[in-house]
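Reader: I should be grateful for a close look at the largest pocket of this model, set against the rest of the chain. What is its volume, and which residues are the closest to its centre?

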Amino acid sequence: NYSSDTLIPASVRGTTVASLAGCIKTGGTAGTQFAFQCSPTTAGVLYSDPANVSVIYYANDTVYPKDSSLSTATSLTCYSNCPDGSTLASTTANTSVFYTQSFSGGNPVARTYVFDNAGYTLKDGSATGTSITLPTKNSNLTGGQYGGPLDFGLQTGALFDPAATTVVNGVTKTYLNLLACDWNASQICAWNANTVLPVYYTWETGWNSWNSLTSLVASDGTILKFDQQASVKFTYPSTATTVNSTATDTKYAGKNFNLQYGGFRQLWGIPGKCVDMDNGADAKCSPTARDVPEFVIPDASSVTYSYTKSDGTAVSSATGYIKGLDMEKQMLAKASCSATLSAYTLLTAADWTAPTNSTTEPTVTDPPAVIGGVVQK
């Protein structure tokens, strides 16, 4: 969010800086620190204009066995949470499964891996290296660079192809170039990998069911794939509707929400809020409050969705419609009640009249009209 930020640059104490064009000084006196409210511009583009600000969404996908998307010949670089294949079978107590992070010339030392897409395993160092697998729990191993229990398996940090390229502002750069620090191009800021790299991989392994991929394999050896989770874009209405009844909601009016649809009854991403369990009023989140969606998407609201089908083809910006499957009404407490009760005479045993039971069997001449709930005629 580039607009309406409060900036307090250390270089503007007691003075103004011409390079902060578009910034308004909001306070301070000589010798003290000024605060600036800015709408930065670059090459005449005003970033406070929503049309000039893009939001980047990251998609998570699975690399299946024998996928051509990641070749065994591809060398993958890792800088953090890089597992050490030689320690996975260790019997030494408190052995970390990760390499100790070291530095050379001020830069973190890279570890190299390859992915065996036929055997579906990550190899340490080369295609003939040790497989990074944890089929059974080993209490001698610890997780993380600083130790800790390894009860949930292990997951690597970002793995990426350093030779892969992308175009940034008309300049072709390798993925390794993208990790150059802003203040020194010869330094590697490895912690930026999961935010600046267009594509990176993580590998998870362990003895728990969620640590592994289970697939169906056809007789010809191909892996059966399923449709991937869909990305759904919902635009919060700006005009009076069920979800924005007064047309005065400036918090979300006109905003886009990137939701995720994982199948029937599985739509995630609507922001939440907490309400008081006793009176239904908005409240701070706590063990005594209840978490509920901040808004409800009305039935028949249109959305656009995109996903990758099981055959690898992409569905992009298709139109779909929302239908609610469950509904509830939240009651708000009233400070006072103006309703009155009328007086009614209650019934007594004297008002009871026993029903008259007939002992005469009726004469039936027609066949049954309904059998087993099915109307016969």
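Author: The answer below begins with the chain as a whole, turns to the pocket, and then moves to the cavity and the nonpolar cores.

This is a predicted model, in which local features need pLDDT of at least 70 and side-chain atom pairs count only at pLDDT 80 or more, while totals for chains, interfaces and linings use all residues. Residues are numbered from 1 along each chain as its sequence is written, and side-chain values use heavy atoms, with hydrogens and water left out.

The average pLDDT (the predictor's confidence in each residue, from 0 to 100) of the protein chain is 78, and 80% of the residues score at least 70. Residues 1-21 have a pLDDT below 50, although this stretch makes 38 contacts (heavy atoms within 4.5 Å) in the model beyond near neighbours in sequence. Residues 40-48 also stay under 50, with 15 contacts beyond four places in sequence. Where pLDDT is low, the predicted coordinates should not be read in detail.

The protein chain contains 2 helices and 30 strands, taken as DSSP runs numbered from the N terminus (helices H or I, at least four residues; strands E, at least two). Of its 377 residues, 25% count as buried; buried means under 20% relative accessible area, exposed over 50% and partly exposed in between, with a 1.4 Å probe and protein chains only. Among contacts between residues at least 6 apart in sequence, 52% join residues at least 24 apart.

The largest pocket has a volume of about 1,600 Å³. Its lining is made up of 39 residues, and Ile-270, Val-296, Ile-297, Gly-324 and Asp-326 are the closest to its centre. Two or more lining residues come from each of β22 (230-235), β24 (266-268), β26 (289-293), β27 (302-308) and β28 (314-321). The strand that gives the most is β26, with 4 residues. By class, the lining has 21 nonpolar residues (Ala, Val, Leu, Ile, Met, Phe, Trp, Tyr, Cys and Pro), 10 charged ones (Asp, Glu, Lys and Arg) and 8 polar ones (the others, Gly among them).

The terms rest on a 1 Å grid over the protein atoms alone: a pocket is an open set of points with protein on both sides within 12 Å along at least five of seven lines, a cavity is a set of points where a 1.4 Å probe fits but cannot get out, and lining residues have an atom within 4 Å of a point. Points are joined across faces, edges and corners, and a volume is the space filled by probe spheres set on them.

Two serines belong to this part of the account. Ser-317 is found in β28. Its phi is near 55°, a positive value in a residue other than glycine, and with a relative accessible area of 52% it is exposed. Ser-286 is placed in the loop between β25 (272-276) and β26, and its relative accessible area of 33% makes it partly exposed. Ser-286 and Val-275 are 11 residues apart in sequence, and their C-alpha atoms are 9.5 Å apart in space.

As for enclosed space, the whole structure has 1 cavity of 30 Å³ or more. The largest cavity holds about 80 Å³. It is lined by 12 residues, with Tyr-79, Cys-82, Tyr-99, Thr-100 and Gln-101 nearest its centre; 5 of the lining residues are nonpolar, 6 polar and 1 charged.

The largest nonpolar core (buried Ala, Val, Leu, Ile, Met, Phe, Trp, Tyr and Cys residues joined through side-chain atoms within 4.5 Å) has 18 residues, and those with the most contacts inside it include Val-97, Tyr-113, Phe-115 and Leu-154. At least two of its residues come from each of β6 (76-78) and β10 (111-116). A second, separate core has 11 residues, among them Phe-160, Ala-164, Leu-178 and Leu-179.

Thr-74 sits in the loop between β5 (45-46) and β6. It counts as buried, because its relative accessibility is 17%. Beyond residues up to four places away in sequence, Thr-74 touches Tyr-113, Val-114 and Asp-161. Gln-155, in strand β13 (residues 154-155), is partly exposed at 43% relative accessibility. Leaving aside neighbours within four places in sequence, Gln-155 contacts Asn-81, Phe-98, Thr-202, Trp-203 and Glu-204.
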